[in-house]
Amino acid sequence: MLRPIGDHILVRPLSAEDVTKAGIILPDSAKEKPQEGAVLAVGTGKYIDGKLVSFADMGIKVGDVVMFTKYGPTEVKIDGEDLYILDSNDILGTVEKKK
């Protein structure tokens with residue numbers, strides 16, 4: 001497993017929708033890149049005003065689902081699996097499930 005360094009995060013993208021809300025089946029070429037993913041690993045954190053702020057202090061931990069910018073991720077293949085490496089600035093927020 002890859003362990004990110006600094007302010008980087010390793011994410012498993014959630015699959016893009018195969019069917020629109022109207023019921024139209026989308027081919028792979030028409031699907032947009034996923035903008036949500038499950039956090040697999042985090043780096044040490046980000047320096048803000050000369051102080052190291054951990055991802056835990058930013059509210060991001062392994063297992064969270066995060067939303068990120070469309071063009072932010074760097075795609076990598078690890079053990080045959082497509083994963084994303086994100087910079088902390090590319091994270092828009094965490095996704096909370098409705099209860």
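Two strands pair if DSSP finds at least two bridges between them. Strands (E, at least two residues) and helices (H or I, at least four) are DSSP runs, numbered from the N terminus. The model is predicted: local features need pLDDT of at least 70 and side-chain atom pairs count only at pLDDT 80 or more, while totals for chains, interfaces and linings use all residues. Residues are numbered from 1 along each chain as its sequence is written, and side-chain values use heavy atoms, with hydrogens and water left out.

**Exercise 1. State the order of the secondary structure elements in the protein chain.**

Solution. Start with the inventory: one helix and eight strands. Then read from the N terminus, which gives β-β-β-β-α-β-β-β-β.

**Exercise 2. Find the strands that pair with β1, and place I9 among them.**

Solution.
Step 1. β1 pairs with β2 (residues 36-42) in the antiparallel sense, over five bridges.
Step 2. β1 and β7 also run antiparallel, joined by four bridges.
Step 3. I9 stands opposite V42 in β2, and in β7 its bridge partner is L86.
Step 4. L10 stands opposite A41 in β2.
Step 5. To extend the picture beyond β1, take β2 and β5, which run antiparallel with three bridges between them; here G37 has V66 in β5 as its bridge partner.

**Exercise 3. List the residues of the largest nonpolar core and the strands that supply at least two of them.**

Solution.
Step 1. A nonpolar core is a set of buried Ala, Val, Leu, Ile, Met, Phe, Trp, Tyr and Cys residues joined through side-chain atoms within 4.5 Å. Buried means under 20% relative accessible area, exposed over 50%, and partly exposed in between (1.4 Å probe, protein chains only).
Step 2. The largest core has 10 residues: I9, V11, V39, F55, I60, V66, F68, Y84, L86 and I91.
Step 3. β1 (8-13), β5 (65-68) and β7 each supply at least two residues of this core.
Step 4. Another core, of five residues, lies apart from it and includes L10, A41, I78 and L83.
Step 5. For the contacts of I91 (heavy atoms within 4.5 Å), leave out residues up to four places away in sequence; I91 then touches I9, I60, V66, M67, F68 and L86.

**Exercise 4. Identify the three salt bridges and describe the exposure of their residues.**

Solution.
Step 1. Apply the criterion: a side-chain nitrogen of Lys or Arg within 4 Å of a carboxyl oxygen of Asp or Glu.
Step 2. E81 and R12 meet at 2.4 Å, N to O. This pair links distant parts of the chain, with E81 in strand β7 and R12 in strand β1, 69 residues apart. E81 is partly exposed at 29% relative accessible area, and R12 is partly exposed at 36%.
Step 3. D64 and K61 meet at 3.1 Å, N to O. D64 is buried at 13%, whereas K61 is exposed at 52%.
Step 4. K77 and D82 meet at 3.5 Å, N to O. K77 is exposed, with a relative accessible area of 57%.

**Exercise 5. Locate D49 and D79, and give the phi of each.**

Solution.
Step 1. Most residues other than glycine have a negative phi.
Step 2. D49 has a positive phi, near 55°, and lies in the loop between β3 (46-48) and β4 (51-53).
Step 3. D79 has a positive phi, near 50°, and is found in the loop between β6 (74-78) and β7 (81-87).
Step 4. D49 counts as exposed at 78% relative accessibility; D79 counts as exposed at 78%.
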